[in-house]
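Walk me through the local geometry of this model. I would like to see backbone outliers, a buried histidine and the aromatic pairs.

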Amino acid sequence: MIWYKKSKEEVFQELHVKNDKGITELEAQKRLQQYGHNRLATNRKKTWVERIFSQINNVLIYVLIVAAVVSAFVGEIADALIIGLVVIINAVVGVIQESKAEDALEALKNMATPKAIVQRDGEMKEIDSAEVVPGDFVVVGAGSYIPCDIRLIESANLKVEEATLTGESVPVDKDAFALLEKDEQDIPLGDQLNMLFMSTLVTVGRGTGIAVATGMDTQIGKIAGMLNTTVDEQTPLQKSLAQVGKYLGIGALIISLVMFLIGILQGRDFLEMFMIAVSLAVAAIPEGMPAIVSIVLAIGVQRMIKQHVIIRKLPAVEALGSVNVICSDKTGTLTQNKMTVTKFYADGQIHALKDFQLENDIQSLLMKIFVLCNDATYTKDAETGDPTEIALVAAAVQNHLYKDLLEKEYPRIHEIPFDSNRKLMTTVHIHENEYYRMTKGAIDRLLNHCNQIMTEEGVMPLTEKIKAEIISASHTMSQSALRVLAAAYQVEGHKGLVGSEEDLIFVGFVGMMDPPRLEVKESIEVCKKAGIRTVMITGDHRDTAFAIARELGIAKQESEVMEGIELDNITDEEIKTACNKTNVFARVSPEHKVKIVQALKSAGHTVSMTGDGVNDAPSLKEADIGVAMGITGTDVAKGASDMILTDDNFASIVKAVEEGRNIYKNIKKSVIFLISCNLGEIIALFFAIVAGWPTPLRSIHILWVNLVTDTFPALALGVDPEEPGVMKEKPRRQKEGLFHGMLPFLILNGLLIGIITLVAFMIGLNGVTSGVPENVLMHAQTMAFITLSFSQLIHSLNFRSMNQSVFKVGIFKNKFLLASILVGVIIQVLIVSVGPLAKLFSVQSLGSMDWLIVIALSLLPLIINELVKLFKK
């Protein structure tokens, strides 16, 4: 319904309201049954069972569960228990980290004010806002939240803060009698001056209106509906790991089946071959990988907290590293969300506020007028009133002019309040038996009430030429996105004309804006070098948005700016094209923000969206990574986000991206390390079985190496120190897999580990491959088991750097890695040396020559990789 276009009488008729006394209590109850309570619908919260299921719902975990069941079925209880433990650890880590489950709709619901003043049966009543119904007469005043969407009937100096809904930082003047004739789609929410919207805040004045929409039918309700329909998408890492899990699962089944068939054809025992097939399946899958990835991400989350970033969802850590477009809300994110005086005009010149001179009579008078003709209060600890008036008092305090002292010197005796028709405010003060009329307001209106101007030569007539110069100077400020406010005065020898705003003396004007955060420009420059584009999306006007974007280095030309209205008139394909060359989107609605994010994603970009308001919530949820402000952000924005900035600083996003890139690199190191080790196990088992040899490794050996020996180095690689220059690299492509550029390295080291394991096994067998006695086979399997584990521990050092020698990058820089290698070696020595452990693992102690052979073979992966790196150089 286009309520803002309808007259008072038409609104009454549409809502079946008979007169100005409001609906009856009986009618209100009927409408409550018809429309429902004035609340927002909420999703059912996930149960603990559902949360745990979401953690184990991937192919790799399913294969592990099947392996555990099969192991238990054939009597390998220890194997089954170990695999089950891995699955449980993975689920617990994920559930604990994400236990503070998002509930954006619940947060939206809580934003509604608990009480509302309505008129029913001709009487004013305070009721629960949930009981407001369409047709109710609602009264609002300064400091009150709007309980529903309202078509204004009456208003007096009414200003409403709509930043959380529209993104516009300056309170909007509301006028019950504003006439809006355009089509609905041509009037953004911020320009619907005769409408009030649920959850916005009245800063000044009062108003009465008729409730036209409640609950999910309000503008906030539409946003809630958008949140409800947005589906969480997987991050690049989740997609990569799911793909790896699928391939490994399929590969494990194929290899197991092939080996089983080969064994049967060779005439081997059926049960023996079944166990070998299970062992191969176990060898093909890095059982510790899901838990290691979760733990590395959780460690990354703890590191992020030091960078003022709270991660709500684990995969968001790595996804940040692939972001190549950051869409940012302007108000409160790129800017300070605080109106600030930056320039002033006096005696024919524009000055920066820092050049203000208190001893200059004109400049001093200009600031005094703005402080005295002002209802705001300001101290370093507290402030009240309209943001524009607060900015004026703050500018005065900055220059040692204090309102409380000035008001004692110039007591106020009369005032003409501001109203949106005059766009002026006047106060009258007495000082040394003279009466001062002080007026502030819009420059075009104020100049019409002035016939003189204050200059260094004294008070002079205000000629048309001087007026033109003043207007030109104000346009110069406006083009820099400054909001201009002018001041004038008059002195009377008596109290007469206290209600007049005529024959004023023009003094000057100030320019104010919501200024950019000081550190943001540098952060945007860092983003550019890192191949990340910054796009500003705001509800503010085109000129304001472009001026801020130009100052921050986001946009250079006005052609890079597009308004939300334009998005409504082009196709999805045209939006996609526009998004690739547009860096500033102004005057946009929540629906537009979602469209922009969707268009960028469909163009192949990994998109991060930052914001703090209710209007940002749907796009935060739609983006690959939603980033909410922790201090100024609404609960809705936080609820819809993947991560929260505790310092509301755009620069923290850049640090988070850098951290995310390093974490992804480390996860990649961990995963490739695990898979290369498992490839070595597969090669050793596959070749031995095809060649008709005895099995070189038992299933418990493989499980132990995969879950314990490999796990410590993999975790240590997950916290590897950051590589220098990571923010000078381009973001990785969205479809780039974990194995990108790593296959030669993976295959080389898989072959190395597999071959040296087989060599150790053959040395243990003394070259005999048939009719091997049980004690000789156990000795050979012990040699293979220890060589496999030691070689994998040493192999982890190769991952300190893919291109540089480990001795150059620093073998001692990752102390966790060295400690994990040492612990791994000690554990393996204990297993073969301590009787009960040796019995559990079916191994035996080794002689000194055996240990020398094992150590020599285990060092080969490090030596050969160092030679390859040297050859590549």
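What follows goes from two loop residues to a buried histidine and then to the aromatic rings. Keep in mind that this is a predicted model.

Start with the backbone. His16 has a phi near 60 degrees, a positive value in a residue other than glycine. His16 sits in the loop between helix H1 (8-14) and helix H2 (25-35). His16 counts as exposed because its relative accessibility is 63%, above the cut-off of 50%.

Glu432 is another case. Its phi is positive, about 50 degrees, although Glu432 is not a glycine. The loop that holds Glu432 runs between strand E15 (424-431) and strand E16 (434-441). With a relative accessible area of 66%, Glu432 is exposed.

Now turn to a histidine in a helix. His701 belongs to helix H27 (residues 699-709). Its relative accessible area is 0%, so His701 is buried. What does the side chain of His701 reach at 2.7 Å? The partner is the backbone oxygen of Phe841. Beyond its neighbours within four places in sequence, His701 is in contact with Gln781, Phe785, Phe841, Ser842 and Val843.

Next, the rings. The count comes to 10 aromatic pairs. One of them joins Tyr410 and Tyr436. Their ring centres lie 5.6 Å apart and their planes stand at 85 degrees, so this pair is edge-to-face; the cut-off for that label is over 60 degrees. Tyr410 lies in the loop between helix H16 (403-409) and strand E14 (412-419), while Tyr436 lies in strand E16, so the pair ties together parts 26 residues apart in sequence. Both Tyr410 and Tyr436 are buried. Strand E16 also borders the loop of Glu432.

Trp704 and Phe841 make a further aromatic pair. This pair is edge-to-face, with 5.0 Å centre to centre and 75 degrees between the planes. Trp704 is in helix H27 and Phe841 in helix H33 (residues 835-841). The pair links distant parts of the chain, 137 residues apart. Trp704 is buried, as is Phe841. Here the earlier histidine returns: Phe841 also supplies the backbone oxygen that the side chain of His701 reaches, and His701 is found in helix H27.

Two ring features remain. Phe673, Phe745 and Phe799 form one aromatic cluster. Finally, which ring lies under the charged end of Lys159? That ring belongs to Phe418, and the charged end sits over it, 4.9 Å from the ring centre.

How values were computed
Residues numbered from 1 in each chain as written. Predicted model: local features only at pLDDT ≥ 70, side-chain atom pairs only at ≥ 80, totals over all residues. Heavy atoms only, no water. Helix = DSSP H or I, 4+ residues; strand = E, 2+ residues; numbered from the N terminus. Buried < 20%, exposed > 50% of the residue type's maximum accessible area, 1.4 Å probe, protein only. Polar contact = N/O pair within 3.5 Å; in protein donor to acceptor, adjacent residues only side chain to side chain. Contact = heavy atoms within 4.5 Å. Phe/Tyr/Trp six-rings, centres within 6.5 Å; stacked < 30°, edge-to-face > 60°. Lys NZ or Arg CZ within 6 Å of the ring centre and 35° of its normal.
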